[in-house]
Amino acid sequence: MSKQAFLGNKIRRLRKQAGLAQVELAKRLEISPSYLNLIEKNQRALTVPLLLRLADVFGLDLKSFAEDDEARLVADLREVFSDPLFVGHDVKDADLREVLAGAPAVARGVVELYRELRRSRDTMQELASRFSAEEMLHDDSPHSPAEEVSDAIQRQGNHFPELEDAAERVRNRAQLDAAKGDPYSRLARHLESEHRVSVSVVAADSLGGAVRRYEPARRRLLLSEALPPSSLSFQIAHQIALLSAHETMDEIIREQALESEESERLGVIALANYLAAAILMPYEPFRTAAQSLRYDVELLEHRFRTSFEQVCHRLTTLQRPGSEGVPFHLVRVDIAGNISKRFSASGFPFARYSGACPLWSVHAAFLTPGFIRTQLSEMPDGSRWFSLARTVRKAGGGHHVRQSRFAIELGCEARRANEIVYADGTDLAAKAAIPVGVSCRMCERMDCRQRAFPPMHHRIAIDENVRGLSFYYSPGGDR
């Protein structure tokens, strides 16, 4: 679906929100009402001069206006209708697009209703597990605070100019640009001089399992000795963010209209992490270094004294208009495949309501801990992606503390992969690419050996005399 397809709907929605008739808006845009009517029906294209006049009339940010959020909503609807609940209902992409084009509010309502259904399912499963004395299920409801905050960050393109400006102010006052080596000392001095908060590194067993503890009454920040140097600096920067930019972060959160106090508090923590990363990896120096090093994550780790995950996440935030980096997507999973962090600036379609494709390189990273794996993959729609993946460990508390291990995947469209050092030696035009999908329910590849569930809108062709590559595929059958 082209990005042009739904701009007419956006214009109609903006016009109605502003209380303008077509005749009045057409006059402001210096076009005829009939031409505006055709634009709103997506029967005429928007020219650049007309886009500029629209931006002036409605005070629009052109980048966010042109962003295909409706296309993401189509993807959400597609995943909703891949649920087994809708087996037997032949809902095609054309049907979904028609609903969205004619009644976008209805489409969003369907997604919200499905979210509530999933939430109810999860609640019932949790209650059942409690009554049967089994392990309580993890709450990965689409309406959970973590998911709601993730959606809010995605809506902002994971880029917050106000926080970038706040980071520059902190760096200037802390004189970080003049620092040589580890920024820990200057950040600690800044925290004490600006906020009268002292920093102490204490024994790991004295924090009751925490790695950072701020005591407002005693004006001190306690950090665990188990943290590596990059995490020590990050935790100080995080505390500086909370103390110096709380009003800014609160305002951002209020604009997102999150549904619960838990979501709001979690949102502040996420924004404080964003600001901490921006303090340690300032936008322009970091973007310039990333481009000159061709996005060598490990070299960027050493140059900015940060961690692999911190660098990968920061790379996804380089969306400043006129000064963008490569649009990356990022996903973090545990060894069971649970997604705990995701962001897509590249447009990669992550699954929201079902399990991820097991053929993604991020899962295979657990086979070679600490080593970077690369992958050229192709989605069923023909789009191609390049990704790198590596495991990371969360700081522990010593020999007897179980280590947490995750895998990080950082990826982009294959056409941008030549800008990345990890793609050197990869034939990006090769026909051979790993065939991947979003999830089994949404993937059309019937001959996949990893298939765990049948896809939607496919009759399962079962032949007891033939064993295919998966239980749901019989070679030569009607599928």
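Over the ring of which residue does the charged end of Arg390 sit? In this predicted model, that ring belongs to Phe308, and the charged end of Arg390 lies 4.0 Å from its centre. A second arrangement of this kind involves Arg332, whose charged end sits over the ring of Phe406 at 4.9 Å from the centre. The setting of these contacts is described below, beginning with the chain as a whole.

The protein chain consists of 479 residues, and 46% of them count as buried. Its secondary structure comprises 18 helices and 9 strands. Among the contacts with a separation of 6 or more, 60% are made by residues 24 or more positions apart. The accessible surface of the chain amounts to about 24600 Å², and carbon and sulfur atoms contribute 51% of that area.

Strands of a sheet pair through backbone hydrogen bonds, in either a parallel or an antiparallel manner. In the present model, 3 strands form an open sheet with mixed pairing, arranged in the order E1-E3-E2. Strand E1 (198–202) and strand E2 (212–215) each have a single partner strand and stand at the edges, so one side of each is left without a neighbour in the sheet. On average, neighbouring strands of this sheet are turned by 20° against each other when direction is ignored. Strand E3 (residues 220–224) runs antiparallel to E2, and the two are joined by 4 bridges. Arg220 in E3 is the bridge partner of Glu215.

Two helices lie across this sheet. Helix H11 (residues 184–195) lies across E1 and E3 and runs at about 130° to E1. Helix H12 (residues 229–244) lies across E1, E2 and E3, at about 150° to E3.

Another strand pairing is found further along the chain. Strand E4 (residues 329–334) and strand E5 (residues 339–344) run antiparallel and are joined by 5 bridges. Within this pairing, His329 stands opposite Ser344 in E5. The two strands form a hairpin with 4 residues between them, and Gly337 in the turn has a positive phi of about 90°. Arg332, whose charged end sits over the ring of Phe406, falls within the residue range 329–334 of strand E4.

Aromatic rings provide a further set of contacts, with a count of 5 aromatic pairs. Phe160 and Tyr274 form an edge-to-face pair, with 5.3 Å from centre to centre and 90° between the planes. Distant parts of the chain are linked by this pair: Phe160 belongs to the loop between helix H9 (145–155) and helix H10 (161–174), whereas Tyr274 belongs to helix H14 (residues 261–280), 114 residues apart. Both Phe160 and Tyr274 are buried.

Tyr295 and Phe328 also form an edge-to-face pair, with 5.4 Å between the centres and 70° between the planes. Tyr295 is placed in the loop between helix H15 (283–292) and helix H16 (297–304), and Phe328 in the loop between helix H17 (308–315) and E4, so the pair ties together parts that are 33 residues apart in sequence. Residues count as buried when their relative accessible area is under 20%. Tyr295, with a relative accessible area of 3%, is therefore buried, and Phe328, with a value of 1%, is buried as well. In addition, ring pairs link Phe348, Trp360 and Trp385 into a cluster.

Methods. Residues numbered from 1 in each chain as written. Predicted model: local features only at pLDDT ≥ 70, side-chain atom pairs only at ≥ 80, totals over all residues. Heavy atoms only, no water. Buried < 20%, exposed > 50% of the residue type's maximum accessible area, 1.4 Å probe, protein only. Contact = heavy atoms within 4.5 Å. Areas by Shrake-Rupley, 256 points an atom, 1.4 Å probe, with all protein chains shown as cover. Pairing = 2+ DSSP bridges. Axes fitted to C-alpha atoms, helices over the stretch in contact; angles between N-to-C directions. Phe/Tyr/Trp six-rings, centres within 6.5 Å; stacked < 30°, edge-to-face > 60°. Lys NZ or Arg CZ within 6 Å of the ring centre and 35° of its normal.
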